[in-house]
Number of protein chains: 2
Amino acid sequence: LNPFASVSGSDSEVRVASAGGGYPVLVESSGLRRLPELLLRYAPGHRYAVVSDDNVGPLYGRPAMDACRRAGLAADLFEFPAGERHKTRETWSALTDRMLEAGLGRDCTVVAVGGGVTGDLAGFVAATFMRGVPVVQVPTTLVAMVDASIGGKTGVDTRAGKNLVGAFHAPRLVLADPEALGTLPERERAQGLVEAMKHGAIYDALYLEELVRETVPLLAGEPGASRAAVLRSVQIKAHVVGEDELEGGFRQVLNFGHTYGHALETESSYEMGHGQAVAWGMILEARLGERMGITHAGTAERLERALAQVGFGSPRIPPGGRARIVDLLLADKKARAGVVRFVLLRRVGEVARGEGWSHAAPANLVREVVDQVPAPG
Amino acid sequence: LNPFASVSGSDSEVRVASAGGGYPVLVESSGLRRLPELLLRYAPGHRYAVVSDDNVGPLYGRPAMDACRRAGLAADLFEFPAGERHKTRETWSALTDRMLEAGLGRDCTVVAVGGGVTGDLAGFVAATFMRGVPVVQVPTTLVAMVDASIGGKTGVDTRAGKNLVGAFHAPRLVLADPEALGTLPERERAQGLVEAMKHGAIYDALYLEELVRETVPLLAGEPGASRAAVLRSVQIKAHVVGEDELEGGFRQVLNFGHTYGHALETESSYEMGHGQAVAWGMILEARLGERMGITHAGTAERLERALAQVGFGSPRIPPGGRARIVDLLLADKKARAGVVRFVLLRRVGEVARGEGWSHAAPANLVREVVDQVPAPG
């Protein structure tokens with residue numbers, strides 16, 4: 001049952017079920033070196049468009065293009081400016097136009113090399129280029145490996161909010177090379193670790209324990225521990241999205257921690273990192289569930305201890321922020337008639353079934369939980 | 001076998017097979033009056049976004065919205081400026097933003113009321129709004145009824161060409177009300193008739209004969225003849241796209257007439273109408289097929305007589321245009337090493353199987369066919 005013991009070789013393949021027949025996620029140390037042969041096998045194209053941001057481009061995008069060319073594949077690199085604020089329709093348009101100018105046609109394959117922004121953006125380019133060309137996801141961050149690269153969600157942000165424009169477009173292949181994690185700032189790995197802990201919280205209590213035990217090597221990007229965590233998270237995420245590709249039901253369990261989390265993030269005008277927001281969101285949603293009599297007592301505290309290990313501390317909201325957070329939750333499109341829906345745990349490792357997979361929480365309890373969060377230090 | 005005799009009642013339903021389970025095309029006189037109940041049945045939404053251009057909006061878009069509201073549905077009208085030159089990412093962005101500002105969410109349904117541009121554009125909005133919401137296609141032109149509204153192709157143009165950005169997004173329902181055709185200019189009906197004749201040319205010789213016989217009432221928008229033609233074309237198109245939703249193979253038979261046609265259109269800087277271009281394209285592709293020994297002798301002449309009935313006359317190319325047309329064909333992305341691929345007829349009513357459903361034509365024959373077209377006047 002120990003996920004860290006179950007990884008024998010250095011290569012592992014997890015299959016994701018999908019309407020188009022499914023696709024493999026390869027978790028493979030030094031897998032990047034095999035990229036050209038994997039492209040030929042899983043996504044043979046007349047030409048390849050490698051898409052990276054200008055941080056990852058020099059590190060992994062250009063080497064990927066060079067390796068393809070050495071292997072005799074026609075490949076070009078298309079870079080865009082790094083950062084969530086460039087995950088827009090404008091960047092999507094510009095990438096599309098540059099690919100058209102380069103003469104790429106219906107028989108090209110897009111290769112997304114980078115973090116979550118790159119995967120979402122390049123995936124949306126692929127989803128809409130000549131009504132859809134194949135995409136291969138090559139995540140190079142922990143968040144992208146354990147979460148964003150799997151499940152076929154692609155899209156961009158608009159002024160009205162994040163990911164409001166996009167498409168479901170399953171990749172042909174996801175290639176996660178844990179060796180790439182060494183080049184990241186620790187802050188990024190911490191954020192990825194929060195998403196991995198979320199997988200433990202909703203599905204596998206033992207996995208959460210292991211992650212707590214291995215926090216130090218994981219934060220350091222140590223390859224063995226990283227490979228094991230990526231693999232277990234990929235298994236869990238693949239299982240969830242394979243059950244519910246288009247997010248009608250079960251897939252929403254992945255939103256645990258994200259309802260309060262999203263409001264915290266928005267209230268801070270995105271000064272708060274996504275990992276921090278989701279960490280606190282999970283704790284607050286466990287407190288809410290306990291208050292509603294759905295989540296076993298002690299669950300919130302257990303999550304709080306786990307997330308403290310990663311360095312996110314306990315929830316804090318500046319004075320004045322509380323009312324805005326409650327307003328954001330109650331004004332949300334998904335909130336109807338003052339009722340907000342949350343994914344709630346039964347206990348660590350198990351989501352409580354409600355009406356579908358979420359529960360209507362009364363406005364007064366939603367507010368109480370927020371009101372009892374202390375102000376920062 | 002007479003398609004015009006096979007329509008007994010006033011309502012007819014044709015089912016289109018699709019990965020998502022398929023959808024009905026209703027060919028129904030006065031069907032527009034039933035729109036609200038049909039929306040509730042086939043695409044129940046929390047709110048409805050009716051999308052029309054500013055020509056069709058006052059005629060059919062606003063009445064559709066009003067009818068929905070009277071029936072108790074929450075509906076809003078979103079208009080955009082009419083014309084192919086507005087079928088762009090900019091218009092798509094603006095429509096999306098206006099829907100977001102109006103507070104529409106994941107539980108809305110888009111209702112595209114209009115011609116081919118509206119169907120493509122509103123379909124692409126629906127395909128990408130919050131990663132995809134349902135769309136109902138309500139075609140009001142003959143071209144859209146017999147062709148564009150069926151098959152799930154959506155998209156917009158870019159400076160590099162038409163329909164280069166888009167997605168496959170099957171509608172929940174297509175509702176074609178032949179009574180709407182009476183409000184069109186005859187020129188539009190002529191263009192639709194060319195696409196209908198193409199259906200006869202590739203699949204049903206008797207249907208082509210009937211269309212020739214009924215050209216006068218069809219050009220006049222006479223409801224009985226229109227309903228019969230729309231229904232038979234819908235049956236043929238539904239069969240073809242049902243066999244090959246994502247255009248890997250059989251669906252390309254619908255491109256008959258469109259290879260030369262597209263080059264004619266581009267050479268004229270789109271001064272030439274699409275119907276005219278496809279009419280002449282079919283004749284030239286029949287001539288090419290005869291020259292290659294694939295198409296039975298006399299086929300081109302038979303098509304020429306049929307299309308002359310619609311008023312498109314015989315192919316003419318201005319001096320100087322011939323070389324540009326050949327260049328366009330040979331420079332096309334689909335052309336490799338001086339070979340252009342064409343869908344070719346065996347005879348009227350039957351496409352000749354080649355390598356898949358198209359044939360490589362040698363450059364010298366492609367040129368010869370163009371060189372022998374006389375100049376205008």
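In the loop between β2 (23-28) and α1 (35-42) of chain A lies Ser30(A). The model is a predicted one. Although Ser30(A) is a residue other than glycine, its phi is positive, near 60°. Ser30(A) has a relative accessible area of 19% and is therefore buried, the cut-off for this class being under 20%. A second serine with a positive phi is found in chain B, where Ser269(B), likewise not a glycine, has a value of about 50°. Ser269(B) sits in the loop between α10 and α11 of chain B, and its position is just after α10(B). With a relative accessible area of 56%, Ser269(B) is exposed.

Helix α10 of chain B, which spans residues 258-267, is mostly covered, with 7 of its 10 residues buried. The buried positions are His258(B), Tyr260(B), Gly261(B), Ala263(B), Leu264(B), Glu265(B) and Glu267(B). These residues pack against β8 (161-168), α6, α11 (274-291), α13 (321-331), β10 (339-342) and α14 (363-371) of chain B. One of the buried residues, Glu265(B), forms a salt bridge with Lys162(B), and the closest N and O atoms of the pair are 3.4 Å apart. The bridge links distant parts of the chain, since Glu265(B) belongs to helix α10 of chain B and Lys162(B) to strand β8 of chain B, 103 residues apart. Glu265(B) has a relative accessible area of 3% and so is buried, whereas Lys162(B), at 25%, is partly exposed.

Another acidic residue of chain B, Glu188(B), lies in helix α6 (residues 186-203). Glu188(B) is buried but has no salt bridge. The nearest side chain of opposite charge is that of Arg189(B), 6.7 Å away; a salt bridge would require a nitrogen-to-oxygen distance within 4 Å. The side chain of Glu188(B) instead makes a polar contact of 3.4 Å with the side chain of Thr141(B). Leaving aside neighbours within four places in sequence, the contacts of Glu188(B) are with Thr141(B), Leu142(B) and Val143(B).

Lys237(B), in helix α9 (residues 223-243) of chain B, is a buried basic residue, because its relative accessibility is 6%. The side chain of Lys237(B) reaches the backbone oxygen of Ile150(B) at 3.2 Å. Lys237(B) and Ile150(B) are separated by 87 residues in sequence, yet their C-alpha atoms are 7.2 Å apart in space. When residues up to four places away in sequence are not counted, Lys237(B) touches Val146(B), Asp147(B), Ile150(B), His199(B) and Leu254(B).

Over all chains, the structure holds 40 salt bridges. In chain A, the side chains of Glu368(A) and Arg291(A) meet in one of them, with an N to O distance of 2.7 Å. Glu368(A) lies in helix α14 (residues 363-371) of chain A and Arg291(A) in helix α11 (residues 274-291) of chain A, so the pair ties together parts that are 77 residues apart in sequence. Glu368(A) is partly exposed at 31% relative accessibility, and Arg291(A) is partly exposed at 34%. A further salt bridge joins the side chains of Arg347(A) and Glu350(A), at 2.2 Å from N to O. The relative accessible area is 36% for Arg347(A), which is partly exposed, and 32% for Glu350(A), which is also partly exposed. In addition, Glu84(A), Lys87(A), Asp120(A) and Asp157(A) are linked in a network of salt bridges.

One member of this network, Asp120(A), is also among the residues touched by Thr154(A). Thr154(A) is placed in strand β7 (residues 153-158) of chain A and counts as buried because its relative accessibility is 1%. Apart from residues up to four places away in sequence, the contacts of Thr154(A) in chain A are Asp120(A), Gly123(A), Phe124(A), Ala127(A), Val165(A), Gly166(A), Ala167(A) and His169(A). Thr154(A) also touches Arg131(B) of the other chain named here.

Helix packing in chain A is illustrated by α7 (residues 205-213) and α12 (residues 299-309), which meet at an angle of about 35° with their axes 9 Å apart. The contact involves Ala205(A), Leu208(A), Glu209(A) and Val212(A) on α7(A), together with Arg302(A), Leu303(A), Ala306(A) and Gln309(A) on α12(A). The crossing of α7(A) and α12(A) is left-handed.

Note on methods:
Residues are numbered from 1 along each chain as its sequence is written. Chains are lettered from A and ligands numbered from 1 in the order in which they are written. This is a predicted model: local features need pLDDT of at least 70, side-chain atom pairs count only at pLDDT 80 or more; totals for chains, interfaces and linings use all residues. Side-chain values use heavy atoms; hydrogens and water are left out. Helices (H or I, at least four residues) and strands (E, at least two) are DSSP runs, numbered from the N terminus. Buried means under 20% relative accessible area, exposed over 50%, partly exposed in between (1.4 Å probe, protein chains only). Lys and Arg count as positive and Asp and Glu as negative; His and the chain ends are not counted. A polar contact is a pair of N or O atoms within 3.5 Å; within protein, one must be able to donate a hydrogen and the other to accept it, and residues adjacent in sequence count only if both atoms are side-chain atoms. Contact means heavy atoms within 4.5 Å. Axes are lines fitted to C-alpha atoms, for helices over the stretch in contact, and angles run from 0 to 180 degrees between N-to-C directions. A crossing is left-handed if the near helix is turned anticlockwise from the far one by less than a right angle, and right-handed if clockwise.
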